[in-house]
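Biologist: I have a fold in front of me and want to learn how to read it. Please take me through it feature by feature.

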Amino acid sequence: MTLGRSWSYTIALLASVAVVSCAQVDDPCKIKSRVVADDKYCDKYWECENGQAVQYDCPNGLVFAGKHRGVTEGCDYPWRSNYCEYPKVQINPPIGAEHCDWLYGIFGHETSCTRYWTCWNGTATEQLCIGGLLYNENAHSCDWPENVDGCQKHPLCNEDPNGNVPLGKSCNRYWQCQGGYPRLQRCPAMLVFDRRSLRCVVPPTDECEIITTTSPPQEEEENLKPGQHKRPTTEYPNGQPGSQRIRN
Ligand SMILES: *[C@@H]1O[C@H](CO)[C@@H](O)[C@H](O)[C@H]1NC(C)=O
């Protein structure tokens with residue numbers, strides 16, 4: 001009984017999908033969602049209003065993703081999916097605002113590899129990459145430094161590009177430099193980080209007794225993440241500091 005019903009439902013569903021794909025996709029009034037993508041421009045779409053197809057633009061910088069999809073008004077960041085595949089193009093030009101190439105989007109910082117901007121209707125909010133990560137303009141997110149061209153190794157690792165560096169007053173966490181890039185590490189259980197030998201050792205050391213299982217205060221880490229330091233002042237593999245981020 002139940003099986004029969006779900007079967008007929010499935011058949012009905014398949015039939016309706018078939019009808020939609022045969023119907024004229026350009027007319028939003030002929031489909032259930034009442035919204036269709038424009039067939040040429042990925043930042044435009046059509047909505048059925050009072051029996052008429054009306055064309056709309058996505059918010060500036062966004063492209064049509066589908067009804068109830070995307071970040072706002074059925075529109076999404078173009079890089080989040082293949083919304084804008086050839087031969088479709090984004091037709092509306094960018095409307096720039098302070099720190100924003102488009103009114104909506106995620107953009108690199110002008111002077112920092114650890115910061116970036118999220119723009120919403122032209123209002124920019126500064127964001128920070130933490131834990132030694134840097135903003136990757138291709139991925140539009142924070143990423144390991146080795147994946148981010150134009151940004152540098154961290155001065156924390158200047159002394160020894162493959163050495164360990166104490167993390168503030170932490171007894172069990174430390175920075176491990178890997179080819180100049182710092183990675184946050186934690187000593188194995190029951191061991192503490194010794195700032196003299198720069199290794200995890202059996203406690204006690206001068207600074208650390210038996211390790212407790214509770215995490216150290218949050219501030220300690222926040223204050224010492226290399227990602228939050230000023231821009232590195234040494235070794236820019238691609239020439240000028242932050243040159244990748246300079247915009248015309
Ligand atoms: C975007 O900002 C403009 C003016 O800055 C305002 O008129 C408009 O209502 C805003 N739009 C949204 C969707 O918030």
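Modeller: Begin with a term. Helices and strands are DSSP runs, numbered from the N terminus; a helix needs at least four residues, a strand at least two. Keep in mind that this is a predicted model. By that count the chain has two helices and 15 strands.

Biologist: Which loop holds proline 87?

Modeller: Proline 87 sits in the loop between strand 5 (75-76) and strand 6. Look at the bond in front of the ring. Tyrosine 86 and proline 87 are joined by a cis peptide bond, with omega at about 5°.

Biologist: What is the general rule for peptide bonds and for phi?

Modeller: Most peptide bonds are trans, and most residues other than glycine have a negative phi. A second cis bond links proline 203 to proline 204, again with omega about 5°. Proline 204 lies in the loop between strand 15 (199-201) and helix 2 (218-224).

Biologist: And phi? Where does asparagine 50 lie?

Modeller: Asparagine 50 is in the loop between strand 2 and strand 3. Its phi is near 50°, a positive value in a residue other than glycine. Asparagine 121 also has a positive phi, about 50°, and is not a glycine. That residue is in the loop between strand 7 and strand 8 (123-128).

Biologist: Is asparagine 50 buried or exposed?

Modeller: Count C-beta neighbours. Exposed takes 12 or fewer within 10 Å, and buried takes 20 or more. Asparagine 50 has 6 other C-beta atoms within 10 Å, so it is exposed. Asparagine 121 has 12 such neighbours inside 10 Å, so it counts as exposed too. Across the chain, 29% of the 248 residues are buried.

Biologist: Now the sheets. What is the order of the sheet that holds strand 1?

Modeller: Read a sheet by strand order, then by direction. This one is an open sheet of three strands, in the order 1-2-3, with antiparallel pairing. Strand 1 (35-37) and strand 3 (52-57) are the edges, each pairing on one side only. Neighbouring strands are turned by 30° against each other on average, direction ignored.

Biologist: How many bridges pair strand 1 and strand 2?

Modeller: Three bridges, in the antiparallel sense, with strand 2 covering residues 44-49. To find one, start at alanine 37: its bridge partner in strand 2 is tyrosine 45.

Biologist: What about the sheet with the order 6-7-8?

Modeller: Use the same routine. Three strands form an open sheet there, with antiparallel pairing. Its edge strands are strand 6 and strand 8. The average turn between neighbouring strands of this sheet is 30°, direction ignored. Strand 7 and strand 8 run antiparallel, joined by six bridges. In that region, arginine 115 stands opposite leucine 128 of strand 8.

Biologist: How do I find a core?

Modeller: Look for buried nonpolar side chains. In soluble globular proteins, nonpolar side chains tend to be buried together. Here the largest nonpolar core has 27 residues. Val63, Phe64, Cys75, Phe107, Cys119 and Leu134 have the most contacts inside it.

Biologist: Which elements give two or more residues to this core?

Modeller: Strand 1, strand 2, strand 4 (63-64), strand 6 (105-108), strand 7 (115-120) and strand 9 (134-136) do. Strand 7 gives the most, with three residues. Domain 1 (23-93) and domain 2 (105-151) both contribute residues, so this core lies between them.

Biologist: What does phenylalanine 107 touch?

Modeller: Leave out residues up to four places away in sequence. Phenylalanine 107 then touches His99, Cys100, Asp101, Tyr116, Trp117 and Cys119. Apart from this core lies another, of twelve residues, including Cys157, Leu167, Val192 and Phe193.

Biologist: How do I read sequence distance against space? Take arginine 183 and tryptophan 144.

Modeller: Compare the two separations. Arginine 183 and tryptophan 144 are 39 residues apart in sequence, yet 9.0 Å apart in space, C-alpha to C-alpha. Arginine 183 belongs to strand 13 (residues 181-186). It has 15 C-beta neighbours inside 10 Å, so it counts as partly exposed. Not counting residues up to four places away in sequence, arginine 183 touches Gly132, Trp175, Gln176 and Gln178.

Biologist: And for the whole chain?

Modeller: Take the contacts with a separation of 6 or more. Residues 24 or more positions apart account for 38% of them.

How values were computed
Residues are numbered from 1 along each chain as its sequence is written. This is a predicted model: local features need pLDDT of at least 70, side-chain atom pairs count only at pLDDT 80 or more; totals for chains, interfaces and linings use all residues. Two strands pair if DSSP finds at least two bridges between them. Axes are lines fitted to C-alpha atoms, for helices over the stretch in contact, and angles run from 0 to 180 degrees between N-to-C directions. A nonpolar core is a set of buried Ala, Val, Leu, Ile, Met, Phe, Trp, Tyr and Cys residues joined through C-beta atoms within 7 Å. Domain bounds come from an automatic or database domain assignment. Two residues are in contact if their C-beta atoms, placed from the backbone, lie within 7 Å.
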